[in-house]
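Pull up the model and let's walk through it together. We'll begin with a sheet, move on to what packs against it, and finish at the ligand and a few backbone oddities.

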Amino acid sequence: MEFSRRKVLIGTGAVAGAGVIGTAGASAILSDGLPKYPDSVLPIDALPSDDPTPGWFHTSRKREPKAPLIGDAHARWAVIGGGFTGLAAARQLALNFPNDTVLLIEGQQVGFGTSGRNAGFLIDVPHDISAPDYIGDQKIARHVLNLNQTGQKILFDLVEKYKIEDAQLRHVGKYQAAVEDEGLHVLDAYRGGLEKLGQHCEIIEGKDLPSHIGTSFYKKALHTPGTMLVQPSALVKGLADNLPENVILYEDTPITAIEYEPKVVLHHASGKITADKLVLANNHFGTHFGFMPGRILPMFTYGSLTRPLTAEEQARIGGKDFWGVIPADPFGTTCRRTHDNRLFIRNSFTFNADGRYKPGATERFRKAHRLSFERRFPSLTDVGFEYTWGGGLGMTRNGNSFFGQLRKNVYGSLGCNGLGTVRGTAMGTLLADWLAGKRHELTDFLLSVDKPNINPPEPFLSMGVNFTLRRGMANAGLEA
Ligand SMILES: Cc1cc2nc3c(=O)[nH]c(=O)nc-3n(C[C@H](O)[C@H](O)[C@H](O)COP(=O)(O)OP(=O)(O)OC[C@H]3O[C@@H](n4cnc5c(N)ncnc54)[C@H](O)[C@@H]3O)c2cc1C
């Protein structure tokens, strides 16, 4: 396979821009500043770069990241991506092949990327926004439920086994809440769908909601009891610090170029890794490794975390001391009260086509978060945000992930959309089992579903996505 040379975007938490790194393996630097690789080498043209202010990362346990790889390495297995998916795949490969070494390679620090930036909902129930009852095909919905519950169980058991107490995993369910007519209709329709699926849920009327979630803003909510809430960065940090002994984790080691034939060779800043088999668990960045270009979209969404509320402020709003609300409208606001009495707000989207953060975005969306916060908690206008950040979702247009073989000796679990905590965990584990010859009902399901579908080329892709996002955010009304 031959690859054309493209502009290389690099950096960890740095300002996005064209630049050069990872000259290892390059015989020269060209006059345009790009490393010169033989035609058999694919330069990775966008490397992860997230903003420096992820609240969950900074308010969780400080840990010493594992050292970057210096020089060359060889192993039977390499896994790229130290998020929920990669951590699960590396763990299960190591357990399935106890005599092999598994290299887990993360371009940033574990807990700093999207897996440590999300809203921390480990959701069990399916929610198909394209179906009138939000459940759709019952057979598929049952598989999705099983997949999500499998991910939940794996994470729950690991938290118990390794006593990852700072992950604050609590089985409290979630409220899906609405204030606009459209959102109220969604709750009723979804309740019908969940009942058909045999899933318990409860409607809570607006007048009763303040005693649950400390705000009278919403008109109605649907409570589903199966969701668990976590401090996501603390959870992935804890998972990374409790990997099997035959996993070697390298952090701050972005893979800058790749060769597939005759062997898989991964280039990084100071050397090369040769692997017999590679698992791509790097979400939308997997598309920059030559697979499914433009099919897994780096959609960024944004979160803010307040300072901890004082005892008086907690009393002012009332309600339970730990809860999570997701919106009835996909463009609405997610909201949480955390274990340390902060309030969390998530809303707004941008399409960052290169998968990297855009300077200035967090300042812009902090203002949107402020508005959403004050609508919900008008008695807390003096409570400021300590952190605002963004993170990239690997979204696909049909909502499906990629699971399976990408080419000889290369496998992937990519594009978990907005549910990668549980789905990534389950899929990473199932992929490692499949590679060990173990097959489950869910493996067959994942292998049988359609792949992420094709999108139009640029500039039509960006135009279409940006139009959809702008329209969605404008139509969300008070749900935002
Ligand atoms: C604000 C926000 C809220 C969300 N809320 C929820 C929620 O409540 N519940 C839920 O289930 N999901 C939620 N999500 C989605 C969830 O976070 C993702 O689905 C999940 O993180 C996907 O996990 P992953 O391991 O597949 O990928 P990622 O977490 O994206 O991990 C991939 C890793 O690969 C690394 N990488 C990429 N390229 C390279 C390279 N070249 N070399 C080395 N390393 C590389 C990246 O640094 C990254 O750490 C949310 C996302 C955001 C942004």
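Start with the open sheet, which is built from 8 strands in the order β8-β9-β7-β16-β17-β18-β15-β19, with mixed pairing. Follow that order out to its ends and you reach β8 (202-205) and β19: these are the edge strands, and each has a single partner strand, so one side of each has no neighbour in the sheet. Neighbouring strands here don't line up perfectly, either; on average they are turned by 25° against each other, direction ignored. Keep in mind as you look around that this is a predicted model.

For a look at one of the pairings, zoom in on β7 (residues 174-178) and β16 (residues 323-327). These two strands run in the parallel sense and pair over 3 bridges. If you want a residue to click on, try Y175, whose bridge partner in β16 is V325.

Now for the helices that pack on this sheet. Helix α4 (residues 181-196) touches β7, β8 and β9 (220-224), and its direction makes about 25° with that of β9. Helix α8 (residues 361-376) also packs on the sheet, touching β15 (297-306), β17 (334-337), β18 (343-351) and β19. The direction of α8 makes about 135° with that of β18.

Next, the ligand. Which residues come closest to it? Of the 37 residues that surround the ligand, the closest are T85, E106, S115, F121 and T421. Let's take some of these in turn. The side chain of T85 has an N or O atom 2.6 Å from an oxygen atom of the ligand. S115 has a side-chain N or O atom 2.6 Å from an oxygen atom of the ligand. With F121 it's the backbone that matters here: one of its backbone N or O atoms lies 2.8 Å from a nitrogen atom of the ligand. How much of the ligand does the protein bury? Taken alone, the ligand exposes 1,000 Å², and the protein buries 96% of that.

As for where the shell comes from, the elements giving two or more residues to it are α2 (84-96), β19 (385-395) and α9 (420-435). You've met β19 already, as one of the edge strands of the sheet. Sorted by class, the shell holds 15 nonpolar, 19 polar and 3 charged residues.

Finally, those backbone oddities. E261 and P262 are joined by a cis peptide bond, with omega at about -5°, and P262 lies in the loop between β12 (257-259) and β13 (264-268). The peptide bond from E458 to P459 is cis too, with omega near 5°; look for P459 in the loop between α10 (441-448) and α11 (460-475). Then there's N283, a residue other than glycine with a positive phi, near 55°. You'll find N283 in the loop between β14 (271-280) and β15.

Definitions and conventions
Residues are numbered from 1 along each chain as its sequence is written. This is a predicted model: local features need pLDDT of at least 70, side-chain atom pairs count only at pLDDT 80 or more; totals for chains, interfaces and linings use all residues. Side-chain values use heavy atoms; hydrogens and water are left out. A residue is near a molecule or strand if one of its heavy atoms lies within 4 Å of it. A polar contact is a pair of N or O atoms within 3.5 Å; within protein, one must be able to donate a hydrogen and the other to accept it, and residues adjacent in sequence count only if both atoms are side-chain atoms. Accessible areas come from the Shrake-Rupley method with a 1.4 Å probe; for residues, only the protein chains shown count as cover. Helices (H or I, at least four residues) and strands (E, at least two) are DSSP runs, numbered from the N terminus. Ala, Val, Leu, Ile, Met, Phe, Trp, Tyr, Cys and Pro count as nonpolar, Asp, Glu, Lys and Arg as charged, and the others, Gly among them, as polar. Two strands pair if DSSP finds at least two bridges between them. Axes are lines fitted to C-alpha atoms, for helices over the stretch in contact, and angles run from 0 to 180 degrees between N-to-C directions. Contact means heavy atoms within 4.5 Å.
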